[in-house]
Amino acid sequence: MMIVDAQNQFIRSYIVNPTMTPNGFPIGGTVGFLHTLNKLCTQIMPDLFVVVWDGEGGSTQRRAQNKNYKMGRKPPKLKSNSYTRLNRWVNEMSDEEISKNRLWQQLRTIEYVNQMPIIQFREPNVEADDVISYVKSMPVFADWQKVVVSSDKDFIQLLDDKTLLLRPTQNEILNTGRIIENHSIHPSNFALARAMVGDKSDNLEGLSGVGLKTVAKAFPFLANDNDYLLSDIKNYSEEMLEESKLKIYDKVLEEYQKVCDNYSIMQLATPLISVRSAAYINTTFEEYDPMLNMTEIRKMLSSDGMLSINLDSLTRRFNALVEEGVDLN
């Protein structure tokens with residue numbers, strides 16, 4: 001099963017791809033997203049496609065816990081020439097026009113995916129991270145190989161012997177072994193570690209001067225395949241306060257509430273998802289019947305001036321899925 005963090009992939013395509021419609025409107029986000037799906041299909045050859053978007057108001061629950069969450073978020077860091085390509089058209093559009101176009105591109109992308117044998121979610125007031133965590137942990141997929149597609153490091157905490165993280169922008173595939181090798185922290189404890197470090201991209205302040213290397217050195221047990229608690233971090237800090245000169249133990253105890261608050265926002269082990277949304281997701285998979293409407297897709301491609309786009313890998317895989325079906329029982 002390939003689970004795509006759609007917002008993450010769409011935004012990067014939106015920024016770097018300069019493609020225009022015949023009417024002169026930017027449509028690079030949609031084009032790039034479809035290109036990405038096509039490429040991923042070649043790499044992964046999934047038996048099940050799942051695409052997840054941030055729902056409207058998706059950050060509301062976490063922002064209620066921390067009003068600064070994701071506030072003032074900057075665009076992803078990209079090569080300088082990417083911004084040059086974006087500026088070919090952005091300088092001729094007002095901020096309002098840019099905002100409307102971006103929304104139109106996202107909705108257009110969703111319309112394309114609706115014509116494909118892809119399960120697509122966009123749950124109101126729910127972030128994609130929570131839906132992805134919920135889907136990944138569904139009992140029906142316990143024996144499935146899962147590949148989460150996103151550049152977001154938040155998903156490292158979901159890795160296990162059946163789950164990989166593919167980061168297309170960084171051109172890397174992460175698994176449990178690689179995370180332990182690189183950081184000396186087990187994925188199941190990664191949210192604990194990041195709660196101490198913070199996350200600048202989400203505007204979550206961590207402990208001053210504390211990085212992942214410091215955390216790994218101070219709390220070596222986090223490399224173990226055990227699910228530790230915030231209280232374990234606190235208790236260990238109290239025990240080591242007199243034995244070690246590392247300042248992190250003082251910082252943890254002095255700002256323990258900050259660590260707890262960060263963890264509450266960062267953790268995905270218990271996704272912030274309503275009973276209604278969970279029931280809807282379950283029903284969607286139960287009723288899934290792969291269908292492909294290439295006629296409508298070709299009409300849309302023609303209307304958007306994208307008939308030359310190469311979707312051969314996707315089309316072949318889609319046809320096979322429709323013919324073979326997918327057994328989710």
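Helix α6 is mostly covered in this predicted model. Eight of its nine residues are buried. They are Ala128, Asp129, Asp130, Val131, Ile132, Ser133, Val135 and Lys136. The list includes charged residues by name, such as Asp129, Asp130 and Lys136.

Lysine 136 belongs to helix α6. Its relative accessibility is 12%, and the limit for a buried residue is under 20%, so lysine 136 counts as buried. The side chain of lysine 136 makes a polar contact with the side chain of aspartate 160, at 2.8 Å. Aspartate 160 also appears among the contacts of lysine 136 beyond four places in sequence. The others in that set are Ile3, Lys146, Leu158 and Thr163.

Helix α6 also packs against another helix. Two packed helices are described by the angle between their axes and the distance between the axes. For α6 and helix α13 (residues 275–286), the axes come within 11 Å and cross at roughly 55°. This angle makes α6 oblique to α13. The crossing of α6 past α13 is right-handed. On the α6 side, the contact is made by Val131, Tyr134 and Val135. On the α13 side, Ala278, Ile281, Asn282 and Phe285 take part. Val131 and Val135 thus have two roles here: both are buried residues of α6, and both touch α13.

The loop that leads into α6 holds glutamate 127. This residue lies between β3 (119–121) and α6 (128–136). With a relative accessible area of 1%, glutamate 127 falls under the 20% limit and is therefore buried. Its side chain is joined to the side chain of arginine 62 by a polar contact of 2.9 Å. Beyond four places in sequence, glutamate 127 is in contact with Asp54, Gly58, Ser59, Arg62, Tyr69 and Lys70.

A second buried loop residue is isoleucine 156. Its loop runs between β4 (146–149) and β5 (163–167). The relative accessible area of isoleucine 156 is 4%. Isoleucine 156 and phenylalanine 190 are 34 residues apart in sequence. In space, their C-alpha atoms are 7.0 Å apart. Phenylalanine 190 is also one of the residues that isoleucine 156 touches, once residues up to four places away are set aside. Leu165, Leu174, Ile179 and Pro187 complete that set.

Another pair of helices lies early in the sequence. Helix α1 (residues 6–16) and helix α2 (residues 28–44) pack at an angle of about 120°, with their axes 7 Å apart. That angle makes α1 oblique to α2. The crossing of α1 past α2 is right-handed. Ala6, Gln9, Phe10, Ser13 and Tyr14 are the α1 residues that meet α2. Their partners in α2 are Gly28, Gly29, Thr30, Gly32, Phe33 and Thr36.

Helix α5 allows a simple check of length. This helix covers residues 95–114, which gives 20 residues. At 1.5 Å a residue, α5 should span 28 Å, because the expected span is 1.5 Å times one less than the number of residues. The end C-alpha atoms of α5 are 29 Å apart, which agrees. Several residues of α5 are buried, including Ile98, Asn101, Gln105, Gln106 and Arg108. Further along α5, Thr109, Ile110, Tyr112 and Val113 are buried as well.

How values were computed. Residues numbered from 1 in each chain as written. Predicted model: local features only at pLDDT ≥ 70, side-chain atom pairs only at ≥ 80, totals over all residues. Heavy atoms only, no water. Helix = DSSP H or I, 4+ residues; strand = E, 2+ residues; numbered from the N terminus. Buried < 20%, exposed > 50% of the residue type's maximum accessible area, 1.4 Å probe, protein only. Polar contact = N/O pair within 3.5 Å; in protein donor to acceptor, adjacent residues only side chain to side chain. Contact = heavy atoms within 4.5 Å. Axes fitted to C-alpha atoms, helices over the stretch in contact; angles between N-to-C directions. Parallel < 35°, antiparallel > 145°, perpendicular 65-115°, else oblique. Left-handed = near helix turned anticlockwise from the far one by under 90°.
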